[in-house]
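Subject: Structure handover

Hi,

As promised, here is the structure for you to look at. My notes on what turned up in it follow below.

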Amino acid sequence: MIGLICCAGELSDKNLFEEYYERSDFKIAVDGGTKYFIDYHKDFDFAIGDFDSINNEDKIFLEENNKIFEKYNCKKDFTDFEAAINILIEKNCNTIYAFGATGTRLDHTMSNLIYSKKCYEKGIELIFIGNNNIIKFLGESTECVMRYDYISIVVLSNSGMKIRLNGFEYDSEFLDVDFCSTLTISNKIKNKKAYIELIEGYGLLIDSRD
């Protein structure tokens, strides 16, 4: 099962949204993320949130169409994003596309990205989709396909990361990357695909463009 959530962050290109929408089995509007579905005339299963980031017109739409599944108190010890992810996990989704989960609120952006580690530990692939970035957790060796212009690895593990890179502009037989190092930023794939052999550590794999 594939799930899709839309949060209230940066609105993505319609064609990009529709591409991943068509792949998804279950769709959730997260608070102000309702605007994605309404603006792009796409149906969704239901909406959740404390609804503090939604405009009145969209809120009326949800109420009139009985689309509110869960309304939370603004004072709670979890985010709407986390609640949506947990609902999709309960629906047996093993891949989740997240739109609008990054944006101007860096506190939300960073906590959402780091939450991908918790999903990975549960066997869930959480992928953040946007006009300029596609981001997922890197916890094992993987084949890498570049959609945008650059491939970057941000190391999150305190002990650093040990990797081998094959098929990149900057290949390496062995890299020992320190935590907080910028060594693995802004690489490129030579042809269509490349391979990252992860020996130790974990981080974020980012496909990006300006």
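Let me start with helix α4, whose buried residues are Asp-80, Phe-81, Ala-83, Ala-84, Ile-85, Ile-87 and Leu-88. Please keep in mind throughout that this is a predicted model. An α-helix has 3.6 residues a turn, so residues three or four places apart point the same way. Just after α4 comes Asn-92, which has a positive phi, near 70 degrees.

What does α4 pack against? That brings me to the sheet.

**The sheet and its helices**

The open sheet is built from 9 strands with mixed pairing, and their order is β4-β3-β2-β1-β5-β6-β7-β13-β9. At the edges stand β4 (68-71) and β9 (150-155); each has a single partner strand, so one side of each lacks a neighbour in the sheet. From one strand to the next, the twist averages 20 degrees. Helix α4 (residues 80-90) packs on this sheet and touches β1 (2-6), β2 (26-30), β3 (46-49), β4, β5 and β6 (125-129). The direction of α4 makes about 165 degrees with that of β2. Helix α5 (residues 106-121) also packs on the sheet, where it touches β6, β7 (133-138) and β13. Between the directions of α5 and β6 the angle is about 155 degrees.

At the β9 edge, the partner is β13 (residues 203-208): the two strands run antiparallel and are joined by 6 bridges. If you want one pair to look at there, Tyr-150 has Ser-208 in β13 as its bridge partner.

Strand β5 (residues 95-99) includes Thr-95. Is Thr-95 buried or exposed? Its relative accessibility is 14%, and buried means under 20%, so Thr-95 counts as buried. Leaving aside residues up to four places away in sequence, Thr-95 touches Met-1, Ile-2, Gly-3, Glu-125 and Ile-127.

**Aromatic pairs**

How many aromatic pairs does a search of the whole structure find? There are 16. One of them is edge-to-face and is formed by Tyr-20 and Phe-99, with 6.0 Å centre to centre and 65 degrees between the planes. This pair links distant parts of the chain, since Tyr-20 belongs to helix α1 (residues 14-23) and Phe-99 to strand β5, 79 residues apart. Both partners are worth a look for their accessibility too: Tyr-20 is buried, with a relative accessible area of 7%, and Phe-99 is buried at 0%. Tyr-20 and Phe-99 also belong to a cluster linked by ring pairs, together with Phe-17, Tyr-21, Tyr-36, Phe-37, Tyr-40, Phe-44 and Tyr-97.

**A strand outside that order, and two loop residues**

Strand β8 (residues 142-145) has Thr-142 and Cys-144 on a covered face, while Glu-143 and Val-145 make up an uncovered one. In a regular strand the side chains alternate between the two faces of the sheet. Strand β8 is joined to β12 by 4 bridges, and the two run antiparallel. Within β12, Ile-196 is the bridge partner of Thr-142.

Two residues other than glycine may catch your eye for their backbone. His-41 has a positive phi, near 55 degrees, and sits in the loop between α2 (34-39) and β3. With 69% relative accessibility, His-41 counts as exposed. Cys-180 has a positive phi as well, near 75 degrees, and its loop runs between β11 (172-177) and β12 (193-200). Cys-180 counts as exposed too, at 60% relative accessibility.

**The chain as a whole**

Finally, the overall picture. The protein chain has 5 helices and 13 strands. Its radius of gyration is 18 Å, close to the 17 Å that the globule rule gives for 210 residues, so the chain is as compact as a globular protein of that length. The C-alpha atoms fill a box of roughly 60 × 35 × 30 Å along the principal axes. Of the 210 residues, 46% are buried. Taking contacts between residues at least 6 apart in sequence, 61% join residues at least 24 apart. The accessible surface of the chain is about 11,000 Å², and carbon and sulfur atoms account for 46% of that area.

Happy browsing, and all the best!

Terms used: Residues numbered from 1 in each chain as written. Predicted model: local features only at pLDDT ≥ 70, side-chain atom pairs only at ≥ 80, totals over all residues. Heavy atoms only, no water. Buried < 20%, exposed > 50% of the residue type's maximum accessible area, 1.4 Å probe, protein only. Contact = heavy atoms within 4.5 Å. Pairing = 2+ DSSP bridges. Axes fitted to C-alpha atoms, helices over the stretch in contact; angles between N-to-C directions. Rg over C-alpha atoms; globule rule 2.2 N^0.38 Å. Areas by Shrake-Rupley, 256 points an atom, 1.4 Å probe, with all protein chains shown as cover. Phe/Tyr/Trp six-rings, centres within 6.5 Å; stacked < 30°, edge-to-face > 60°.
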